Structures are given as C-alpha cells and as structure tokens.
Amino acid sequence: MTTRGSRPQRTIARDAEVRGIGYLLGSDVTVRFRPADADSGIQFVRVDLPDRPSVPALATYVEPRERRTALRRGEAVVELVEHVMAALAGLQIDNCTVELDAPETPGMDGSSLAFARALATAGAIEQDRPRQVLVIDRPVSVRDGKASVAAYPGEPDRLVLSYQLDYGNGSPIPAQAYFAEPSPERFLREIAPARTFLLAAEAEALRASGIGSRTSEADLLIFGSDGLIGNSLRFPDECARHKLLDVMGDLALIGKDLVGHVVAHRSGHSLNVELARALLAAEEECSEPESASECCVISTTPPAMDIGAIMRLMPHRYPFLLLDRVLSIDPGRTLKALKNVTFNEPFFPGHWPDRPVMPGVMILEALAQAAGILISHRFDPDRHMAMIASIDDVKIRRQVVPGDQLVLEIDRFRARSKMAEAHGVARIGDQIAAEARLRFAVLPTDQVAA
C-alpha cells in the first residue's frame, strides 16, 4: 500500500440537521452535522452525555456487533454509523463533527438518502490541505465462510466498487450485483436511496428482542417467502446497491480515500471492517523501510504490457480474455503475467453456485494466453493464429477462488516453423495452483478461417 495526497479536503459550508427514530431503542434522535477544521476527520459527539464525549470515525474504534457497525471510545458509544459514514464518504466530506443526542443514528428509511440530502443542501467547501489517499497496490482479501471482500490494484485515481449478492436458490431475495465508480452526484442519485433489508423471520426475531418497536415494513425492505412485504423497490437491484452502500460506509473508517477495485461477495459489516483494518495493516507494513521494497514490488514496477497492449496482440475479448497485465517479458524466452480473479468471472455462477471455484481448464487457458504473448513475438499476430495442439503433464494443485491473484509464469519456450511449446506455472502467492506443458500449432490466419 502507498499513501499520497490528492484533491483538497472538504467540509460542509454550514450546519445540517436530520431528525428521525432510532431502529434499536425506538427513541427520537437528532443528528447535527457541523463544519470541522482540516485534518480533523469525522468525529461523533454524544451531546446527551456529560462532558460530550466523542469518538473518531476510524476502524480502530469499531466494536463487534451483529448486522451493524458501532464505534466506542470510553463513554462515547455510537451505533449504526454506517449509513451516516456512507453519506459523508459518498459526498466527499472529509472533516465533520457529527453530534447525536442518543446512542444511535436515526434509522430514517433504512438508506443514506436523508443524510446525503442534508449534507448536499448544506454545501461543501474546499480546505487548504490535501486529502490522503490509500492506493491499493497489491491484493488484500478477507473471507468468512461463503462471504469475501477483496481489494485489488486498479486504474490510477479511480475507486471502483462491486457487490455480488447471492443467498442461494431458496432465498426470496434474488441474486443480483451492482458495480459503481462513485462520484458525489452518482452516490446521491443511485446509491444513497438504496434501503436496508432483512427477512421476515429476522424482523420478527429483532422485534421479539425489543429492536425496531417503532419500525414497520414501510420503513425498510422486509422479504417474506413470497417476496417483498408492504413496500416496493426503488431499483431492481436495490439490495445489492444497499450492500455496496454499506461497504462504502465501513471502508470510510479507513479515514482516507481509496484508489483501487474492491470486490465484495455476500460480505457484511464485520467483514467490511476487517478489510479496512487489513488495508491499514498492509499500509503500515509497507511504510516500514525494511519491508517496503518487498511488499510493493508488483505495483512499483511498471507493467511490461498493460491491458491495451495485450488487446492489441491477442484476439481474445470478454469474457474470455484471461490476462490483466504482463509484468515482465524476455522475448522468445520467458514471461510473467497477472490475472485478477473476481466473482464477476462468467464461469462462477455455474461452477459452482454455492462454492465458486475457477475451473482448472480456465487456469490452463490463462497459461496458454500468457504463452500466446511470447508466440506473438515470434510470429506476426496479424498473419498467424496459435491453436492449442496438446497439453501434457497437467497438475492442478490448489483451488482458485474469487479474491485470488494468479501470477502466470511461462518458461522453456521454443518456437519453430509451425509449432511452439512452453512450460507454464500459475501461482497464488508462493503456492502453485497449476502447471502444464503446452504445445501450439501456429497457422496462417487464412488457413484457420478456411
């Protein structure tokens, strides 16, 4: 991980206020947003308690909870911070004092919309300090059973988020996904309105424990066995959008902007916060002089070929182009390439619905495509096409799942007349996922077409 400055920090131009009912205690709650100095970050203040104790909105202060994110420092405990944090992050408000007269934020309609509208109405002003950015320069992932959330290197100065929601065939909530590169405008329009949801059985259990006494089906999305109860969807994929909103709110507890690609699959608040902590730990590890050169080796070395250069050589396209970048190449001899494996891969829905595993044949195809780069240096790719002739000595040694990063190593490359061959190894970290010996027939393009 690396950290740098970027856009100017921002705070709100004037106070803003939202009033509503707390989901947990059912009490009336007022949350008041106030401008704050540069570099002060987001601070929650409990104005209902003596001496107005406060807690910074940082992952360090997260307390374990079911189905929500809570902060604690001393007497200052604030429950359900995620929707407020998502609104602040979505509108790029970096410094703000959030005053509360209760131990929880108001639930409103289960979305961030009321908070986002109040902040947008208050307006934002730029401050004279740069906003710190944490640049994801190597994969970091966390997993809990079937749920996972992973952060990957991405395009410079861009944060891309994707969420895949799939609770299985028996769930009344259909499988869905949402993908976004959030801007303040897009957040306000397409993400902030997405409401929280739960199953009817979960709602009954919460009410039995005294939670949600003043909350009805009209205040959030409740799914029964036959579908949504007493409400209607704002978006067909509203549940996935809301889970992405939660990811934004939880990752805002890093206290910095993020640059990279975050892919979440069935993750909840605890796992999202775990990723935030893992990213901060990776950043701290890389900031240590003795380890920086080792842990950042992939990102700090410019790729030999980016995706544009790969596409100029290779005929493959989505969903069958299995190379993201070429890390290094010794033409005619060796090559090392990269494939980031995400849940968006088209083969995961069928292989398998409840346990996504990359088919071994696709790993071999990725190795073949990596070898194809070397072949393209020997044979004119505009006039020749390489076809797999045989694959021998295949060994599949490790499962490849969403969140993994395949490093594809090609060596022992030889080419002659109309043939080429190479040895390929696919690694995940220091573990071998697969290896094989590949042979190709290299044919003139017109012969392949015939």
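Me: At what distance from the centre of the Phe235 ring does the charged end of Arg241 sit?

Reply: The model is predicted, so local features need pLDDT of at least 70 and side-chain atom pairs pLDDT 80 or more, whereas totals for chains, interfaces and linings use all residues. Residues are numbered from 1 along each chain as its sequence is written, and side-chain values use heavy atoms, without hydrogens and water. A charge counts as over a ring if NZ of Lys or CZ of Arg is within 6 Å of the ring centre and within 35 degrees of the ring normal. The charged end of Arg241 sits over the ring of Phe235, and its distance from the ring centre is 4.0 Å.

Me: Is the pair of Phe33 and Phe115 stacked or edge-to-face?

Reply: Rings of Phe, Tyr and Trp (its six-membered ring) pair if their centres lie within 6.5 Å; planes under 30 degrees apart are stacked, over 60 edge-to-face and the rest tilted. The count under this rule is two aromatic pairs. Since the ring centres of Phe33 and Phe115 are 6.5 Å apart and the planes stand at 75 degrees, the pair is edge-to-face.

Me: How many residues apart are Phe33 and Phe115?

Reply: Helices (H or I, at least four residues) and strands (E, at least two) are DSSP runs, numbered from the N terminus. Phe33 belongs to strand β3 (residues 28–35) and Phe115 to helix α2 (residues 113–122). The pair therefore links distant parts of the chain, with a separation of 82 residues.

Me: Which helix gives the largest share of the largest nonpolar core?

Reply: Such a core joins buried Ala, Val, Leu, Ile, Met, Phe, Trp, Tyr and Cys residues through side-chain atoms within 4.5 Å; buried means under 20% relative accessible area, exposed over 50% and partly exposed in between (1.4 Å probe, protein chains only). The core has 71 residues, and Phe33 and Val98 are among those that touch the most other members. Its largest share, seven residues (238–251 being the helix), comes from α5.

Me: Which strands stand at the edges of the five-stranded open sheet?

Reply: Two strands pair if DSSP finds at least two bridges between them. The five strands follow the order β2-β3-β9-β4-β5, with mixed pairing. Two of them each have a single partner strand, so one side of each is left without a neighbour in the sheet: β2 (16–21) and β5 (54–56).

Me: In which sense do β2 and β3 pair?

Reply: Strands of a sheet pair through backbone hydrogen bonds, either parallel or antiparallel. In this pair, Gly20 stands opposite Val29 in β3. Over six bridges, the sense of β2 and β3 is antiparallel.
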